[in-house]
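Visitor: I should like to take a close look at a single part of this protein, the sheet, together with the loops that join its strands. Please describe it in a connected way.

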Amino acid sequence: MAVNVRIPAPLRTLTGDQELVSADGATLADVVEQLEASYPGMRERLCEDDGELRRFVNVFVNGEDVRFLSGLASELSEGDEVSIVPAVAGG
């Protein structure tokens with residue numbers, strides 16, 4: 001099933017400057033794998049070596065933080081919107 005993925009500016013070099021891309025997957029993990037296949041280097045930017053999401057990368061499905069859902073196992077439906085948001089730190 002196709003979902004829309006919003007790509008933040010720092011990752012758009014991987015997507016040919018596209019802000020919105022489409023990916024297929026029943027779970028967020030499936031979508032990450034598809035993004036990696038289409039845009040090599042994406043998984044490395046999103047996930048740690050152990051496969052879990054990097055702590056400074058926030059991912060939302062339809063506005064819900066996946067850390068409060070099921071993380072990479074979060075289930076997706078046709079037309080869902082996945083937003084990748086790098087964490088912002090400051091002082």
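Guide: The account below begins with the whole chain and then turns to the sheet and two of its loops. This is a predicted model, in which local features need pLDDT of at least 70 and side-chain atom pairs count only at pLDDT 80 or more, while totals for chains, interfaces and linings use all residues. Residues are numbered from 1 along each chain as its sequence is written, and side-chain values use heavy atoms, with hydrogens and water left out.

The protein contains 2 helices and 5 strands; helices (H or I, at least four residues) and strands (E, at least two) are DSSP runs, numbered from the N terminus. Along the sequence, these elements follow the pattern β-β-α-α-β-β-β. The radius of gyration, taken over C-alpha atoms, is 12 Å, close to the 12 Å that the globule rule gives for 91 residues, so the protein is as compact as a globular protein of that length. That rule is 2.2 Å times the number of residues to the power 0.38. Of the 91 residues, 40% are buried, where buried means under 20% relative accessible area, exposed over 50%, and partly exposed in between (1.4 Å probe, protein chains only).

Strands of a sheet pair through backbone hydrogen bonds, either parallel or antiparallel. Here, 5 strands form an open sheet in the order β2-β1-β5-β3-β4, with mixed pairing; two strands pair if DSSP finds at least two bridges between them. At the edges stand β2 (20–24) and β4 (64–65), each with a single partner strand, so one side of each is left without a neighbour in the sheet. Strand β1 (residues 2–6) and β2 run antiparallel and are joined by 5 bridges. Within this pair, Val 3 of the protein stands opposite Ala 23 in β2.

Two loops of this region deserve attention for their backbone angles. Most residues other than glycine have a negative phi, and most peptide bonds are trans. Asp 17, which lies in the loop between β1 and β2, has a positive phi of about 70° although it is not a glycine. With a relative accessibility of 62%, Asp 17 counts as exposed. Asn 62 is found in the loop between β3 (57–61) and β4, and Asn 62 has a positive phi of about 50°, although it too is not a glycine. Its relative accessible area is 46%, and Asn 62 is therefore partly exposed.
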